[in-house]
Amino acid sequence: MRAKTALISGAVALTLAAGAGWGRPGSPRAHPLHQARTHTRVVDGHQIVTLPNDNVPNFQRRTVYCPPGKHVVGGGAEAQGNDAILVGSFPTPDGTGWIALGRQSASSTVGISVYAIRGN
């Protein structure tokens, strides 16, 4: 049995290691398929936007978007479940969000959380 596999960008890890918390949730970006949460400032002028864990079919992309007019400066994702593997974690082509996808070999679904660090 394998522990959950996680990939979180260096910026998120350093921010948390420095003692900055996630903060309290703000207003989610209105998007018909995604319920993201914007958190308080973690580094001067930056915020973390999260798409909480949800089970999706293997290899299905989950995308978190920054608030309108903002762009990502980093991001990451986490795959959760027995044998869960994070297959991809990368910015959207237009730089306004972060995409993640994963798989589980023993299941047709996988839990995926997505994080985007947005700049000013």
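**Exercise 1. State the accessible surface that the protein chain exposes and the share supplied by carbon and sulfur atoms.**

Solution. The exposed surface of the protein chain comes to about 6400 Å². Carbon and sulfur atoms supply 54% of this area. Accessible areas come from the Shrake-Rupley method with a 1.4 Å probe; for residues, only the protein chains shown count as cover. The model is predicted: local features need pLDDT of at least 70, side-chain atom pairs count only at pLDDT 80 or more, and totals for chains, interfaces and linings use all residues. Residues are numbered from 1 along each chain as its sequence is written, and side-chain values use heavy atoms, with hydrogens and water left out.

**Exercise 2. Describe the secondary structure and the place of Gly75 in it.**

Solution. The protein chain has 1 helix and 8 strands, which are DSSP runs numbered from the N terminus (helices: H or I, at least four residues; strands: E, at least two). Their order from the N terminus is β-α-β-β-β-β-β-β-β. Gly75 belongs to strand β5 (residues 72-80). Gly75 has a relative accessible area of 5% and is therefore buried (under 20% relative accessible area; exposed is over 50%, partly exposed in between).

**Exercise 3. Identify the residues with the most contacts inside the largest nonpolar core, and the element that gives the most to it.**

Solution. A nonpolar core is a set of buried Ala, Val, Leu, Ile, Met, Phe, Trp, Tyr and Cys residues joined through side-chain atoms within 4.5 Å. The largest one has 16 residues, and Val64, Ile112 and Val114 have the most contacts inside it. Strand β8 gives the most to this core, with 4 residues. Contact means heavy atoms within 4.5 Å; beyond four places in sequence, Val114 touches residues including Val64, Gly76 and Trp98.

Methods: Buried < 20%, exposed > 50% of the residue type's maximum accessible area, 1.4 Å probe, protein only.
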